[in-house]
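Me: I've got a model open and I'd like to go through the labels people put on it. Can you tell me what backs each one up?

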Amino acid sequence: MKYLWAVQIETAAEAADTEVEETLYWYLTELGLPFVERELVGGRMQLRGYLAGETQAAVLEAWRTHVEQQMGGAIRIDWQPTAIQDWQAAWQKHWQPIPVGERLVIWPRWLANPPRDRLVIPLDPGMAFGTGEHATTRLCLRALEAEPQLGRFADIGCGCGVLTVAALLLGAESGWAVDIDPIATAATLANLELNRLSDRATVLTGSAGVLQGPVDGTVSNILAEVVIDLAPEYARLVRPGGWGIFSGLLVTQADRVSEALSKQGFQLGQRLEEGGWSCLTGHFTGKSAGS
Ligand SMILES: C[S@@+](CC[C@H](N)C(=O)[O-])C[C@H]1O[C@@H](n2cnc3c(N)ncnc32)[C@H](O)[C@@H]1O
């Protein structure tokens, strides 16, 4: 890969309230962009992310049509090729350590002197999502930190593997990490190696269907619609009494997702929220509405 697409969504700053901004941000990350820059230029808000150069322009065209249909005419979407070296330099300059919850800190692997008072997750996100910059990743990390018995888990939609690495550092016995994007699974393998955890996790390209289970719990930070579609798969995988952490949902979508998971037998308790995003946590009863 010699270049990336710099993909940009622009709108009038005054029109970009939190919900609009989060929604646009999400549309960019939905394309698989690992981090998104935000700039205010002459009364306009620009959100920009970087995508693999191999991505066909037709995929971007279809995505633009979809986003424009959803958002109306007030936004402008463009993309242009950018040299990969420029992206890496900008990215390394931009990305700072991110403390999460009580005990964790996500640490860019090229920085020296990690702190001693937190569990350090050294990470190189490569081209995959999951740097901790996004609220949904941080919400899942906080929920993992609060789960006393992580045991054997499945991370569905692992991105660069941040949640898998964190769960193992927090004391989980072993894990399966799956993602439909091979760039994500390659990044997860690299991050497990970086953390010397490769022997405690199995990484597979695909979705929940490639796993057999049972597992003690699952964490899945995808999108509301995907979590709803995968609800029967989570129920198939998690043992009765096991835990579930589900994010990637806007606060306004949480009730709908909760309903779908409850129908499959998940009893949901605490909801964590940050910046308009929600994370559902709970346990699998073993009994779906139909059983
Ligand atoms: C929002 S990112 C989350 C990455 C990481 N787990 C985190 O929390 O930062 C969602 C990931 O889910 C993957 N994904 C989307 N749909 C999926 C599906 N049906 N099954 C498995 N992975 C999926 C995407 O490729 C992407 O890497």
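Reply: Sure. Start with the cut-off for burial: a residue is buried if 20 or more other C-beta atoms lie within 10 Å of its own. Bear in mind that this is a predicted model.

Me: Then why is Asp 179 called buried?

Reply: Asp 179 has 28 other C-beta atoms within 10 Å, and the label needs 20 or more, so Asp 179 counts as buried. Asp 179 is found in strand E9, residues 174-179.

Me: What makes Asn 221 buried or exposed?

Reply: The count around Asn 221 is 28 other C-beta atoms within 10 Å. Exposed would take 12 or fewer, so Asn 221 goes down as buried. Asn 221 lies in strand E11, residues 215-221.

Me: Which residues are in contact with Asp 179, leaving aside neighbours within four places in sequence?

Reply: Those of Asp 179 are Gly 157, Cys 158, Gly 159, Ala 184, Thr 185 and Thr 205. What earns the word "contact" is C-beta atoms within 7 Å. Asn 221, with residues up to four places away not counted, touches Thr 136, Thr 137, Cys 140, Gly 157, Leu 163, Ser 247 and Gly 248.

Me: Where does UniProt place the feature "binding site"?

Reply: The UniProt entry, which is unreviewed, puts that feature at Thr 137, Gly 157, Asp 179 and Asn 221. Such annotations may be inferred rather than shown by experiment.

Me: Which residues touch the most other members of the largest nonpolar core?

Reply: Cys 140, Leu 144, Leu 163, Ala 166, Ala 167, Val 227 and Val 257 do, in a core of 61 residues. Helix H7 (residues 224-237) gives the most to this core, with eight residues. As for Val 257, leaving out residues up to four places away in sequence, its contacts are Ala 224, Val 227, Ile 228, Phe 246, Leu 249 and Leu 280. Apart from the largest core there is another, of 16 residues, including Ile 9, Met 45, Leu 51 and Ile 75.

Me: On to the sheets. Why are E2 and E4 said to stand at the edges?

Reply: The four-strand sheet is open, with the order E2-E3-E1-E4 and antiparallel pairing. Strand E2 (36-41) and strand E4 (75-83) each have a single partner strand, so one side of each has no neighbour in the sheet. Neighbouring strands here are turned by 25° against each other on average, direction ignored.

Me: How do you know that E2 and E3 pair?

Reply: Pairing takes at least two bridges, and E2 and strand E3 (residues 44-52) have six, in the antiparallel sense, so they pass. One of the partners to look at is Arg 48 in E3, which bridges to Glu 37. Helix H1 (residues 18-30) packs on this sheet, touching strand E1 (3-12), E2, E3 and E4, and its direction makes about 15° with that of E3. Helix H2 (residues 57-71) packs on the sheet too, touching E1 and E4, at about 155° to the direction of E4.

Me: And what makes E6 and E7 a pair?

Reply: Strand E6 (residues 104-108) and E7 share five bridges in the parallel sense; at least two are needed, so E6 and E7 pair. Pro 108 stands opposite Leu 123 in E7. These strands belong to an open sheet in the order E5-E6-E7, with mixed pairing. Helix H5 (residues 162-169) lies across E6 and E7, running at about 150° to E7.

Terms used:
Residues numbered from 1 in each chain as written. Predicted model: local features only at pLDDT ≥ 70, side-chain atom pairs only at ≥ 80, totals over all residues. Core = buried A, V, L, I, M, F, W, Y, C linked by C-beta atoms within 7 Å. Helix = DSSP H or I, 4+ residues; strand = E, 2+ residues; numbered from the N terminus. Contact = placed C-beta atoms within 7 Å. Axes fitted to C-alpha atoms, helices over the stretch in contact; angles between N-to-C directions.
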